[in-house]
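Please look over the model shown here and follow the report below, which goes from the whole chain to its cores, helices and loops.

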Amino acid sequence: MLLRLTGFLTVRADRDLKRSEKRKGGGVAVLVNNRWCHPGHVSVKQDQRQQGGIQEEAENKLQRNNIRDVWSGMKSTGFKQRKDCTDGSLDTANELNKFFNRFSSGTNPASSSPVPSQSDIPSSSDPTFSCHTPALLSSNAVMDSSGSINLSSTKSGDAAASFTSPSHLSVSRSQVKRQLERLNRNKAAGPDGVSPRLLKACAEQLCGILQHLFNLSLAQEKVPVLWKTSCLVPVPKKTRPSVNDDYRPVALATHIMKVLERLLLVHLNKLTRTYQDPLQFAYRHGVGVEDAIIQLLQPTHCHLDKAGSTVRVMFFDFSSAFNTIQPDVLCQKLQKTQVGASTIAWIKDYLTNRPQFVRLKNCTSNQAISNIEAPQGTVLSPFLFTLYTSDFQYKSETCHLQKYSDDSAVVGCIRNGQEAEYRELVEHFVAWCGNNHLTLNVNKTKEMILDFRRNRVESNTVSIMGEEVEVVEEYKYLGVHLDNRLDWRKNSQTVYKKGHSRLHFLRTLRSFNVCSKMLQILYKSVVESVISSAIVCWGSSIRSRDLKRLNSLIKRLVLFWG
C-alpha cells in the first residue's frame, strides 16, 4: 500500500525475519524522503539496500590492492572511529615545531619566516649556483673506483663530454628516468607541491632536466633550499598522546629530492660496504627482523645448555636518536671511508640549514631552521644513521652488540658469574653514546636475565649514569615479546588476540557477499601477516596449548572462504 502525504513519500516494507533473527512479529518499516524513519527498526532493510553497492566497492578496492581504502570503507559500516584529540591551533603547531627542533641551537621556531613555496626554487642566477654546469651524461655511464661516473660511449640526445673532475659524483639520464618511473603515484606531494604522479607520467620529458639539476647540485656541493625543506607531520606514538614527546616527527619531503637521494644511496652503499657493521640488521638487502632475533637467540640457547650458565641482555633505548645526529661528527666518520670529499660536503649541506615546519590538521606552523638531525621520512637518513653508529662494533665468543636501526642490544653469555666482559662492554657503549651525542633513555632501557638453573643466584644490577637499570621478565624486541623462560607465552597470547580481533572485519565483508577470493586476499594481507610475523623464531618453541589455540583460530579464519 502506498500512502501519499503532502511533502512526503512513504513506502511500506516488511522486515526479513531470517536476516533480523526475529522469531515473530515482522513489523513495518517506513521510508520517508529516502530515509528510514527509525534506523534501529530497519537496519536489516538498510543493509539490503546498500549491500550490492558495498559488495562491488569492496571488491574493486581489493582488486586494486588498495587496503587503505578498504579500511576506510569499513568505518562506514559501523566501526567506531578513533577521535583525534590533537589541538589544531597555531600555538600547538609552533610548540611542536620548537620541540622537534630542540637539539638545534640558535633557532627560533616561532619566527615570522614564511613557509617556502614553489617560487623559492633557486634559479640559474642564484649566487649559490654558479654558471659552470656539468655536461649531461649518456645512459652508458660507468662508475669507476674513485666514485665518479665516466662515459663509455655516447648516444644521440646525450652530451659528448663527461664531467671533468673525478672527485665529483654525477648521474646519468637513464638512472634518473629509472627512478622517476619507480615513484609511487599515490604518495602525497611534498612542500614544493609537485605530485609524484606528474613526475612518473612525464619521466621521459623530465629526466634530462632533472639530471642537469642533480649534477649541478652534486658538483657545487649544495642542495636547493626548497629540496631540503621538510613538512613535519606529528605521528602519535600512543593511542592518546598527552605531551609533545608522544609524537614522532615524520618528514614529508619533496619527491624530486627523494629521487636524488635514491641515486646517491646506491653510490654510498657500494663505497661503505666494508665499513658497515655486520651486526646492523636494518636497511640491508636480504636481512631483516628475523635475522636480528635469531642472532640474539642462537648463542643464548647454545650457552644455556651448559651447566652454570646465564645470559644477560641489555636493551638500550635512545631519546630521539635520529634528531641528535651531528653533521660534523658524521662527516669525520665518512672521511675514514672511500666516500669522496665532494660527496661528504654535499651530505653536510644536506643535513644543515634545513627549513622545517609542522602541519597540524589545517594549520601550518612558522618555519624553523634545523642544523642537527637526520629527518625521519627521507631516503638517506636511515642509512646515514647506520653509518653514524658503525664505528662501534663488538663481537666475541661470549659477548656481542647487535643493532636494528636505533634498537641496540648487548648480549652477554656468562659462565660461573664471570660477567666482567659484559659490564665493560655496556660501560664502553654508554661512553661512546655520550661522545657521539646520542642520548640514552635510562628509564626505558631494560635488562633481562635468563637463568634456567634451579638454584638461581641473584645478580647485581647494572647502573648507567648513576641510575640502576630495571630488570624485567618480559620485553618487546622488534615486535616480538621475549621472556626470561623463552616459552613464548606472552608472544603467543598477543598474536592470538591480534588475529582474533580481525575476525570481525572478515565477518563484515562476508555479510556483504564479498567473493571468497577477495576474502582470501584480505586474510593474507591483514591476518596471516600478523600470525606469521617472525614465526621462524618462535614457531617451533611455543607450548602445545598455545599451538592448538593458533591452529583453531586459523581454521576459523579459513572457513570464511572455504
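## Contacts and overall make-up

In this predicted model, residues 24 or more positions apart account for 71% of the contacts in the protein chain that have a separation of 6 or more. The protein chain holds 19 helices and 20 strands, and 44% of its 562 residues count as buried. Its accessible surface comes to about 29700 Å², with 48% of that area belonging to carbon and sulfur atoms.

## Two nonpolar cores

The largest nonpolar core has 62 residues, and those with the most contacts inside it are Leu-180, Phe-214, Phe-316 and Trp-346. Helix H8, which spans residues 255-271, supplies eight residues to this core, the largest share. Apart from it lies another core, made up of 44 residues, including Val-472, Leu-482, Val-527 and Ala-534.

The surroundings of Trp-346 can be given in detail. When its neighbours within four places in sequence are left aside, Trp-346 is in contact with Ser-217, Leu-218, Glu-221, Lys-222 and Val-223, and also with Met-257, Leu-260, Leu-264 and Leu-380.

## Helices H8, H10 and H11

Trp-346 also appears where H8 and H11 meet: on the H8 side the residues are Met-257, Leu-260, Glu-261, Leu-264, His-267 and Leu-268, while H11 contributes Thr-343, Trp-346, Ile-347 and Tyr-350. The axes of these two helices, H8 and H11, come within 13 Å and cross at roughly 140 degrees, and H8 and H11 are therefore oblique to each other. In the crossing, H8 passes H11 in a left-handed sense.

Helix H10, residues 327-334, is mostly covered, with six of its eight residues buried. Those buried residues are Pro-327, Val-329, Leu-330, Cys-331, Lys-333 and Leu-334, a set that includes a lysine. The buried residues of H10 pack against three helices, namely H11 (341-351), H12 (380-388) and H13 (420-435).

## Helices H14 and H15

The axes of H14 and H15, the latter covering residues 503-511, come within 4 Å and cross at roughly 15 degrees, which makes H14 roughly parallel to H15. The residues that meet are Gly-499, His-500 and Ser-501 in H14 and Leu-503, His-504 and Phe-505 in H15.

## Loop residues

The loop between strand S20 (480-483) and helix H14 (489-501) contains Asp-487. With a relative accessibility of 18%, Asp-487 counts as buried, because the limit for that class is under 20%. Leaving aside its neighbours within four places in sequence, Asp-487 is in contact with Ser-541, Ile-542 and Arg-543.

Leu-486 has its place in the loop between S20 and H14, and its relative accessible area of 10% puts Leu-486 among the buried residues. Although Leu-486 is not a glycine, its phi is positive, at about 55 degrees. A positive phi, of about 50 degrees, is also found at Ser-320, which is not a glycine either; Ser-320 lies in the loop between strand S9 (309-316) and H10.

Key:
Residues are numbered from 1 along each chain as its sequence is written. This is a predicted model: local features need pLDDT of at least 70, side-chain atom pairs count only at pLDDT 80 or more; totals for chains, interfaces and linings use all residues. Side-chain values use heavy atoms; hydrogens and water are left out. Buried means under 20% relative accessible area, exposed over 50%, partly exposed in between (1.4 Å probe, protein chains only). Contact means heavy atoms within 4.5 Å. Accessible areas come from the Shrake-Rupley method with a 1.4 Å probe; for residues, only the protein chains shown count as cover. A nonpolar core is a set of buried Ala, Val, Leu, Ile, Met, Phe, Trp, Tyr and Cys residues joined through side-chain atoms within 4.5 Å. Axes are lines fitted to C-alpha atoms, for helices over the stretch in contact, and angles run from 0 to 180 degrees between N-to-C directions. Angles under 35 degrees count as roughly parallel, over 145 as roughly antiparallel, 65 to 115 as roughly perpendicular and the rest as oblique. A crossing is left-handed if the near helix is turned anticlockwise from the far one by less than a right angle, and right-handed if clockwise.
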